[in-house]
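Reader: I am new to this structure and would be grateful for a close look at how its helices pack. Please take one helix pairing as the starting point and then describe what surrounds it.

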Amino acid sequence: MKKTLAIATSLLTLFGLGTACAETLVAAHGFSPSHTNYEHALMPWFECVDKETAGEIEFKHYPSGQISGHKDSIHSLNTGLAQVSIVVPGYEGGKMPLNGMPNLPNMGSTSVKVNTAYREMMNNGSPLAEEWAGLGVTPLLSMGTPGYQVFSAGSPIDTLEKFMDIKLRASAGPQSLAAAALGAVPVTMGIGDTYIALQRGTIDALVLSLTSSLAYGFPEIVKSVSANAALATGQVVLAIDTKTLKSLPENHQNAIVECGLQIEKDISLHLDVLNEEAKKVYTDNGAVVYEFSEEELAKINAKLSTVADQFVEGLEKRGIPGQKAYDMYRAILDR
């Protein structure tokens, strides 16, 4: 009994919480404690909310998909299983297709650029913001990665021609469209299966951010990686059930929102630094880190320019304002 009480007390005080009048919120997501977004975004956000509310917000924290993973986040928030979760729009395409737009090619090369543009879309009443509101979920903290690169277990894929017919792992949606546009054969599989697939030759290459790649051990087997492409970006968002947020005292609502905005700026800067550090990790492990020439990058981007058109056309056919949203987004990025 004493041991059980001690464990419970430790959990309650994990974030300096456990006061008698604390409001308890369940936070559930798929990030493991080793993920950089866990360490540099989620934990600082918990700590910030704790400080700004004087410990009056208590979190029961379930990481690593213990009760809800990335593919279940909207469902978890809508059903009350969790009040706070990590939403990956790319996994929720059926519910929030417009918010898959950041996964298109050339939607920002740095995390600062990616997150600044996405935040403006959230703040200006865009169709993307309306999509969140329609789901009853409020985005708090965007963690968009720098532009995705191409990783190979062989020699550099440094020309458009070398993409032809290679088996390229890419997530469903815009990334698969991008792979096909480059002449590759898109292979959709979970990121957790990709290490073995690359090692065994089931795939020839994959598309991912340098920042995310470190957590999956790719420096051990990757022999070459590009450094100046923007084949996609990875967008994940810390979000809260809107009804829950609005039920809290105004000062608590403000703390939750303002902490999200502050940490969003911090994680953006961190991810851009980590992106540069990751390049050295690969070179230290013997990989070739290369840049596409201006000529080849122009050829690649010309091919990728069709992906947005396909994506928008697919949305419009479903009666979703894809063109309006894309034009707004593109105007922000091109400023």
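Author: The account below begins with one pair of helices and then turns to a second pair, the nonpolar cores and some individual residues. The model is predicted.

The starting point is the pairing of helix 2, residues 36-52, with helix 10, residues 250-284. The axes of these two helices come within 9 Å and cross at roughly 155°. Because of that angle, helix 2 is roughly antiparallel to helix 10. The crossing of helix 2 and helix 10 is right-handed. On the side of helix 2, the contact is formed by T36, N37, H40, A41, P44, W45, C48, V49 and E52. Their partners in helix 10 are A255, I256, C259, G260, I263, I267, H270, L271 and L274. By class, the residues of this contact comprise 12 nonpolar, 5 polar and 1 charged. An α-helix has 3.6 residues a turn, so residues three or four places apart point the same way.

Beyond the end of helix 2, A54 occupies the loop that leads to strand 2, residues 57-62. A54 is not a glycine, yet its phi is positive, at about 55°. A54 is exposed, with a relative accessible area of 61%. After strand 2, S64 lies in the loop before helix 3, residues 73-79. S64 likewise is a residue other than glycine with a positive phi, near 60°. With a relative accessible area of 41%, S64 is partly exposed.

A second pairing joins helix 6, residues 174-181, to helix 11. Their axes are 9 Å apart and the packing angle is about 140°. Helix 6 is therefore oblique to helix 11. This crossing is also right-handed. Helix 6 contributes P174, L177, A178 and A181, while helix 11 contributes K303, L304, T306, V307, Q310 and F311. The contact of helix 6 with helix 11 holds 7 nonpolar, 2 polar and 1 charged residues.

The largest nonpolar core has 70 residues, of which M101, W132, V150, F218, L231 and Y329 touch the most other members. Helix 11, residues 294-317, gives the most to this core, with 8 residues. A second, separate core of 30 residues includes F46, C48, L140 and L141. C48 is also one of the helix 2 residues that meet helix 10. Leaving aside residues up to four places away in sequence, F218 touches I191, T194, Y195, L198, L206, L208, S213 and Y282.

W132, named above among the members of the largest core, belongs to helix 5, residues 127-134. In that helix, P127, L128, A129, E131 and W132 are buried. The elements covering these buried residues include strand 3 (84-87), helix 4 (111-123), strand 4 (137-142), strand 10 (237-241) and helix 12 (322-333). Just after helix 5, G136 adopts a positive phi of about 75°.

Finally, T110 lies in the loop between strand 3 and helix 4. T110 is partly exposed, with a relative accessible area of 32%. T110 and L269 are 159 residues apart in sequence, while their C-alpha atoms are 9.0 Å apart in space. Setting aside residues up to four places away in sequence, T110 touches P146 and D272.

Key. Residues numbered from 1 in each chain as written. Predicted model: local features only at pLDDT ≥ 70, side-chain atom pairs only at ≥ 80, totals over all residues. Heavy atoms only, no water. Core = buried A, V, L, I, M, F, W, Y, C linked by side-chain atoms within 4.5 Å. Buried < 20%, exposed > 50% of the residue type's maximum accessible area, 1.4 Å probe, protein only. Helix = DSSP H or I, 4+ residues; strand = E, 2+ residues; numbered from the N terminus. Contact = heavy atoms within 4.5 Å. Axes fitted to C-alpha atoms, helices over the stretch in contact; angles between N-to-C directions. Parallel < 35°, antiparallel > 145°, perpendicular 65-115°, else oblique. Left-handed = near helix turned anticlockwise from the far one by under 90°. Nonpolar A, V, L, I, M, F, W, Y, C, P; charged D, E, K, R; others polar.
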